[in-house]
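The following exercises practise the reading of a protein structure. Please study the sequence and the model before attempting each task.

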Amino acid sequence: MDKEALDRILENHKHWILEDIEGWENMRADLRVADLRVADLRVADLYRADLCGADLRGADLREANLREANLRGADLREADLRGAENIPFVPMACPDSGAFTGWKKAGRYIIKLYIPDNAKRSSATGRKCRCNKATVVAIENLDGTKAYIDSVASNRDCNFIYKVGKTNIVNDFNENRFNECSTGIHFFVNRQEAVDY
């Protein structure tokens with residue numbers, strides 16, 4: 001959907017909310033199955049809007065009003081929901097409790113991580129996760145064979161080294177789960193997703 005059409009729908013929706021012009025009854029936003037990838041919906045008032053099945057991947061929904069919006073089947077992967085009002089329940093990609101294994105890509109290697117049960121962890125609306133603490137179990141080649149190295153630097157910070165047997169801790173872990181690219185150890189729960197990243 002182009003910006004002009006979206007702006008027109010949002011303007012009409014304001015009239016539906018305010019009931020302030022003739023014909024307001026038919027102006028409620030109908031965005032069912034709309035392609036809203038990377039749409040700018042910052043501070044948009046989407047109260048009771050129909051977004052069923054909408055593709056909102058990467059959309060900017062910061063400070064948006066989502067009260068009573070129909071988001072059934074909407075794809076919110078990597079949408080920015082910081083400060084959005086009445087965010088619908090979005091399950092995390094990683095377990096919300098207990099210890100588990102995570103997988104991280106660093107250069108041409110895959111790092112197998114043990115995330116302990118007391119680690120803070122989060123994921124936004126996509127598959128990428130973050131945690132504040134993880135122990136390096138192994139470093140593997142992309143194809144799953146053993147890599148004959150015992151340490152590798154992070155892709156983001158060459159001073160942050162992952163070493164087999166060492167526990168890495170991020171003290172300034174950002175607990176806002178919807179700030180996906182913020183501080184923390186980034187990983188996937190599925191090894192193939194790490195390979196493909």
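**Exercise 1.** Does Glu140 count as buried or exposed, and at what relative accessibility?

*Solution.* The model is predicted: local features need pLDDT of at least 70, side-chain atom pairs count only at pLDDT 80 or more, and totals for chains, interfaces and linings use all residues. Residues are numbered from 1 along each chain as its sequence is written, and side-chain values use heavy atoms, with hydrogens and water left out.

Step 1. Recall the classes: buried means under 20% relative accessible area, exposed means over 50%, and partly exposed lies in between (1.4 Å probe, protein chains only).

Step 2. Apply them: Glu140 has 14% relative accessibility and therefore counts as buried.

**Exercise 2.** Identify the salt-bridge partner of Glu140 and locate both residues.

*Solution.* Step 1. A salt bridge is a side-chain nitrogen of Lys or Arg within 4 Å of a carboxyl oxygen of Asp or Glu. Glu140 forms one with Arg191, and their closest N and O atoms are 2.9 Å apart.

Step 2. Glu140 belongs to strand β5 (residues 133–141) and Arg191 to helix α2 (residues 191–196), so the pair ties together parts that are 51 residues apart in sequence. Helices (H or I, at least four residues) and strands (E, at least two) are DSSP runs, numbered from the N terminus.

Step 3. Arg191, at 19% relative accessibility, also counts as buried.

**Exercise 3.** Which residues are joined into one network by salt bridges that share partners?

*Solution.* Step 1. The network consists of Asp35, Arg37, Asp55, Arg57, Asp75 and Arg77.

Step 2. Within this network, the side chains of Arg57 and Asp55 meet in a salt bridge (2.5 Å, N to O). Arg57 is partly exposed at 31% relative accessibility, whereas Asp55 is buried at 14%.

Step 3. For the whole structure, the search finds 20 salt bridges.

**Exercise 4.** What is the nearest side chain of opposite charge to Lys128, and how far away is it?

*Solution.* Step 1. Lys128 is situated in the loop between β3 (121–123) and β4 (129–131).

Step 2. Lys and Arg count as positive and Asp and Glu as negative; His and the chain ends are not counted. The nearest side chain of opposite charge is Glu180, 4.3 Å away, and Lys128 is buried yet has no salt bridge.

Step 3. The side chain of Lys128 does make a polar contact with that of Tyr197 (3.4 Å). A polar contact is a pair of N or O atoms within 3.5 Å; within protein, one must be able to donate a hydrogen and the other to accept it, and residues adjacent in sequence count only if both atoms are side-chain atoms.
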